[in-house]
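This report walks through the interior of one protein chain, from its open and enclosed spaces to its cores and a few notable residues.

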Amino acid sequence: MTHAAAVAQFVEEHLEEVLADLDHLVSMESPSTDKTLLDDTLTGIEEWAVERLGEPERRARHDGGDRGDVLDLQWTGQGATGQVLSVCHYDTVWPAGTLAEWPLTRDGDVLSGPGVLDMKAGIVQTVWMVRALRELGIPHPGVRLLLTGDEEIGSVASRHHIEAAAQDALVTMIAEPSAAGAVKVQRKGTVMADVTVTGIQSHAGLDPEKGASAVHELARLVGRVVGLADPEQGTTVNVGVISGGSGRNVVAESATCQVDVRVQEPQEEDRVVAALEALRAEDDRCTLKVEIDRNRPPMNPTERTQELLDLIVAAGRDLGEEVSSQAVGGASDGNFIAALGLPVIDGLGGIGAGPHARHEHITVSGLARQTALMAGLVEQLGRP
């Protein structure tokens, strides 16, 4: 048995405070590419978290360069040893000024706003989980909250901090949105590539033969790139953006496309990357440049994943809920941790829909459930 039901009741009793905290965090705009807003938001989150939980045992703020800083806050547990880690990103995809036309809005059980699901609800849940465990006197290990500011653009500045923090954790909880209430135990890895063709510019009417069109060459290449997909292996390839040329009557000198690759099997990443690197232009007057970012490895379940899932299912049972698990195509910072063979469970954040979309929202009723599931997991991990 766990105290998940008591935690859920605690959150329900303090729901207006929880919602006020969520409004506070959403009101701090934090687009991934705006360093000033990211810095201000992280300072605001730190002040709020300390106000809710008191001074942490340890804290560190790591410079992210032109990306968001990483904040590491650690609070001691009570009556249990060890430490759990919650990784949350505070950056969002929404540009500055979005709140002016789309403030946090509640309509019954639906709470809508930029970043509320992805993933400021997860930050609020983590802090209220600790507060509930403390005030209810439930023994629990220490809690480490790692706040990162560049997850939406690849986690280049935060990755090594995430990997280092996860080394000694009993579990790393990723408070990303749930899958309609299900936890996420499997995610695809991501490879991003930019394919750029440089040709020879000329007049399309007067001197077409003197030109070598980068657009035409790229058009031939796109089919080859998309053809690298292997759905049976879980490998998908998407060309999401194409740009090039300077005018209708100009043989294009330059053209580029942005490629998104998702893989479930590690060997598939090697295959696709090798094929991308081997691309060659059919027109030898054109030159080709392929830039590849192996952004995130795939996250695949292990025996430890099942053990953690069993603990969450047990906490859900104490709530009268059946908790399921799901595999998803999107990636998260949990991919890094899984690739190291370390214990991680994902999708513990808000219940809702529409991440990165104008209908992004959470259910208010889901806040107590999700916070209680996190608490139930942490409580069990702290037992001898």
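The structure is a predicted model, and local features are described only where pLDDT is at least 70. The enclosed space comes first: the largest cavity is lined by Val26, Met28, Glu29, Ser30, Pro31, Thr92, Trp94, Thr98, Pro114 and Lys120. By class, this lining divides into five nonpolar, three polar and two charged residues. About 60 Å³ of space lies in this cavity, and a search of the whole structure finds one cavity of 30 Å³ or more.

The largest pocket, which has a volume of about 570 Å³, is lined by 26 residues, of which Asp118, Glu152, Gly330, Ala331 and His356 are the closest to its centre. Two or more lining residues come from each of helix 5, strand 8 (183–187), strand 9 (189–198), strand 13 (254–263), strand 14 and strand 17 (352–353). The pocket lining consists of nine nonpolar, eight polar and nine charged residues.

Asp118 also takes part in an unusual backbone feature, since a cis peptide bond, with omega at about -5°, joins Asp118 and Met119. Met119 is found in helix 5.

**Nonpolar cores**

In soluble globular proteins, nonpolar side chains tend to be buried together. Here the largest nonpolar core has 67 residues, and those with the most contacts inside it are Met129, Leu147, Met173, Ile345 and Leu377. Helix 5 (residues 116–135) gives the most to this core, contributing twelve residues. Apart from this core lies another, of 23 residues, among them Val191, Cys257, Val263 and Val273. Met173, leaving aside its neighbours within four places in sequence, is in contact with Val84, Leu85, Ser86, Val87, Met129, Ile345, Leu348, Met374, Leu377 and Val378.

Helix 6 (residues 159–166) has His161, Ile162, Glu163, Ala165 and Ala166 among its buried residues. These buried residues are covered by elements including strand 1 (58–62), strand 2 (68–75), strand 3 (83–89), strand 6 (142–149), strand 7 (172–174) and helix 10 (334–339).

**Buried acidic residues in loops**

Which side chain makes a polar contact with the side chain of Glu360? The partner is Trp94, at 2.9 Å, and Trp94 is also one of the residues lining the largest cavity. Glu360 is found in the loop between strand 17 and strand 18 (361–363), and it counts as buried because its relative accessibility is 1%, under the 20% cut-off. The C-alpha atoms of Glu360 and Val116 are separated by 7.3 Å, although these residues are 244 residues apart along the chain.

Asp283 is found in the loop between helix 8 (266–277) and strand 14 (287–296). At 18% relative accessibility, Asp283 counts as buried, because the value falls under the 20% cut-off. A polar atom of the Asp283 side chain lies 2.9 Å from the backbone nitrogen of Arg285, and, not counting residues up to four places away in sequence, Asp283 touches Ala212, Glu217 and Arg220.

**Positive phi outside glycine**

The table sets out two residues with a positive phi that are not glycine.

| Residue | Phi | Loop | Relative accessible area |
|---|---|---|---|
| Ser155 | near 60° | between strand 6 and helix 6 | 0%, buried |
| Ala180 | about 55° | between strand 7 and strand 8 | 69%, exposed |

Ser155 is thus buried, whereas Ala180 is exposed.

Terms used:
Residues are numbered from 1 along each chain as its sequence is written. This is a predicted model: local features need pLDDT of at least 70, side-chain atom pairs count only at pLDDT 80 or more; totals for chains, interfaces and linings use all residues. Side-chain values use heavy atoms; hydrogens and water are left out. On a 1 Å grid over the protein atoms alone, a cavity is a set of points where a 1.4 Å probe fits but cannot get out, and a pocket is an open set with protein on both sides within 12 Å along at least five of seven lines; lining residues have an atom within 4 Å of a point. Grid points are joined across faces, edges and corners, and a volume is the space filled by probe spheres set on the points. Ala, Val, Leu, Ile, Met, Phe, Trp, Tyr, Cys and Pro count as nonpolar, Asp, Glu, Lys and Arg as charged, and the others, Gly among them, as polar. A nonpolar core is a set of buried Ala, Val, Leu, Ile, Met, Phe, Trp, Tyr and Cys residues joined through side-chain atoms within 4.5 Å. Buried means under 20% relative accessible area, exposed over 50%, partly exposed in between (1.4 Å probe, protein chains only). Helices (H or I, at least four residues) and strands (E, at least two) are DSSP runs, numbered from the N terminus. Contact means heavy atoms within 4.5 Å. A polar contact is a pair of N or O atoms within 3.5 Å; within protein, one must be able to donate a hydrogen and the other to accept it, and residues adjacent in sequence count only if both atoms are side-chain atoms.
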